[in-house]
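I opened this one at the bench to see how the chain is put together. These are my notes, in the order I looked things up.

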Amino acid sequence: MAKQTIGLEQNLYDYLLSVSLREPEILTQLRQETAQLPNSGMQISPEQGQFMSLLVTLTRAKKTLDIGVFTGYSSLVVALSLPPEGKIVACDVSEEYTSIARRYWQQAGVADKIELHIAPALETLDQLLAAGEAETFDFAFIDADKGNYPNYYERSLQLIQPGGLIAIDNVLWSGKVADPEIQDNQTNKIRAFNQKLHQDSRITLSLVPIADGLTLAVKN
């Protein structure tokens with residue numbers, strides 16, 4: 001996992017931020033607080049957050065999924081980009097980390113846009129499907145346990161409307177996916193997932209080398 005775009009020298013990365021990043025103060029505060037946590041590497045980078053904000057604005061999304069909340073940066077950046085009637089269904093299993101998220105959602109005035117489910121994400125996604133919410137979402141962000149990426153993707157593909165966008169984080173896995181000598185279980189699962197999407201004719205695909213790799217999949 002990476003808290004900034006991999007493969008860039010620090011001076012170039014600093015320049016990138018200096019001429020492009022427009023991070024609201026509330027997001028900076030959340031990112032700085034998260035940086036003090038033991039699992040701070042799970043935090044998305046600010047340039048990725050801004051890119052996701054642009055995507056949500058570009059697609060005019062109103063109803064979105066956030067699979068893997070952590071301390072709430074991704075859900076907050078999306079909520080700030082949604083129209084007043086926008087809604088996020090957010091999935092996580094941690095009361096501890098999402099308590100931080102809730103605090104920042106309240107401070108930013110977007111808590112009413114975010115419906116948090118503390119439960120295994122697959123349970124929540126299956127409940128949404130059972131409730132008849134297939135093809136009613138515009139955007140989904142997947143950034144949870146990597147072994148379940150194929151399952152989260154398949155559920156999201158059902159929930160997203162045609163033309164909707166799925167964004168999947170950490171698909172370059174700190175560069176490990178490109179090193180044939182690395183054969184651990186997590187890395188191999190991400191390799192297999194990337195291959196699965198490459199062959200999936202149900203989507204239009206791009207893998208963007210921002211942060212730790214962000215796959216964009218538009219449902220055909």
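**Entry 1: a loop residue**

I started with leucine 172, which sits in the loop between β5 and α8. A caveat for everything below: I am looking at a predicted model. Is leucine 172 buried or exposed? Neither, as it turns out: its relative accessibility is 22%, so it counts as partly exposed, given that buried means under 20%.

Next I asked what leucine 172 is in contact with, leaving aside neighbours within four places in sequence. I got Ile6, Val177, Leu207, Pro209, Asp212 and Gly213. I also checked the spacing to aspartate 212: the two residues are 40 apart along the chain, and their C-alpha atoms are separated by 5.5 Å.

**Entry 2: the whole chain**

I stepped back and counted 8 helices and 7 strands in the protein chain. The radius of gyration is 16 Å, close to the 17 Å that the globule rule gives for 220 residues, so I can call the chain as compact as a globular protein of that length. I noted a span of about 45 × 40 × 30 Å for the C-alpha trace along its principal axes.

Of the 220 residues, 50% count as buried. The exposed area comes to about 10,200 Å², with 52% of that supplied by carbon and sulfur atoms. Among contacts with a separation of 6 or more, 72% are between residues 24 or more positions apart.

**Entry 3: the sheet**

What is the strand order in the open sheet? I read it as β3-β2-β1-β4-β5-β7-β6, 7 strands with mixed pairing. The edges are β3 (114–118) and β6 (203–208); each has a single partner strand, so one side of each is left without a neighbour in the sheet. Neighbouring strands are turned by 15° against each other on average, direction ignored.

At the β6 end, I found that β6 pairs with β7 (residues 214–219) in the antiparallel sense, over 6 bridges. One bridge there puts isoleucine 203 opposite lysine 219 of β7.

Then I looked for what packs on the sheet. Helix α6 (residues 121–130) does, touching β1 (63–67), β2 (87–92), β3 and β4 (137–142). The direction of α6 makes about 140° with that of β2. Helix α7 (residues 149–159) packs on the sheet too, and touches β1, β4, β5 (160–169), β6 and β7. For α7 and β5 the angle between directions is about 155°.

**Entry 4: strand β4**

I gave β4 its own look. How many of its residues are buried? I get 6 of 6, so β4 goes down as mostly covered. On one side β4 runs parallel to β1, joined by 4 bridges, and threonine 64 has phenylalanine 139 in β4 as its bridge partner. β4 also runs parallel to β5, with 5 bridges between them; here phenylalanine 141 is matched with alanine 167 in β5.

**Entry 5: the cores**

Phenylalanine 139 came up again when I turned to the nonpolar cores. The largest has 32 residues, and the members touching the most others are Leu76, Val78, Trp105 and Phe139. Helix α4 (residues 73–79) gives the most to this core, 5 residues. Apart from that core I found another, of 25 residues, including Cys91, Leu125, Leu128 and Ile166. A reminder to myself: in soluble globular proteins, nonpolar side chains tend to be buried together.

Which residues does phenylalanine 139 touch, not counting those up to four places away in sequence? My list reads Val56, Ala61, Lys63, Thr64, Leu65, Val78, Ile160, Leu165 and Ala167.

**Entry 6: odd phi values and a last helix residue**

I checked backbone angles last, since most residues other than glycine have a negative phi. Arginine 60 has a positive phi, near 55°. Arginine 60 belongs to the loop between α3 (46–59) and β1, and is exposed at 72% relative accessible area. Serine 174 also has a positive phi, about 60°. Serine 174 is in the loop between β5 and α8 (185–198), and counts as partly exposed at 36%.

I closed with arginine 103, in helix α5 (residues 95–108) and partly exposed at 36%. From arginine 103 to leucine 30 I noted 9.7 Å, C-alpha to C-alpha, with their places 73 residues apart in sequence.

How values were computed
Residues are numbered from 1 along each chain as its sequence is written. This is a predicted model: local features need pLDDT of at least 70, side-chain atom pairs count only at pLDDT 80 or more; totals for chains, interfaces and linings use all residues. Side-chain values use heavy atoms; hydrogens and water are left out. A nonpolar core is a set of buried Ala, Val, Leu, Ile, Met, Phe, Trp, Tyr and Cys residues joined through side-chain atoms within 4.5 Å. Buried means under 20% relative accessible area, exposed over 50%, partly exposed in between (1.4 Å probe, protein chains only). Helices (H or I, at least four residues) and strands (E, at least two) are DSSP runs, numbered from the N terminus. Contact means heavy atoms within 4.5 Å. Two strands pair if DSSP finds at least two bridges between them. Axes are lines fitted to C-alpha atoms, for helices over the stretch in contact, and angles run from 0 to 180 degrees between N-to-C directions. The radius of gyration is taken over C-alpha atoms; the globule rule is 2.2 Å times the number of residues to the power 0.38. Accessible areas come from the Shrake-Rupley method with a 1.4 Å probe; for residues, only the protein chains shown count as cover.
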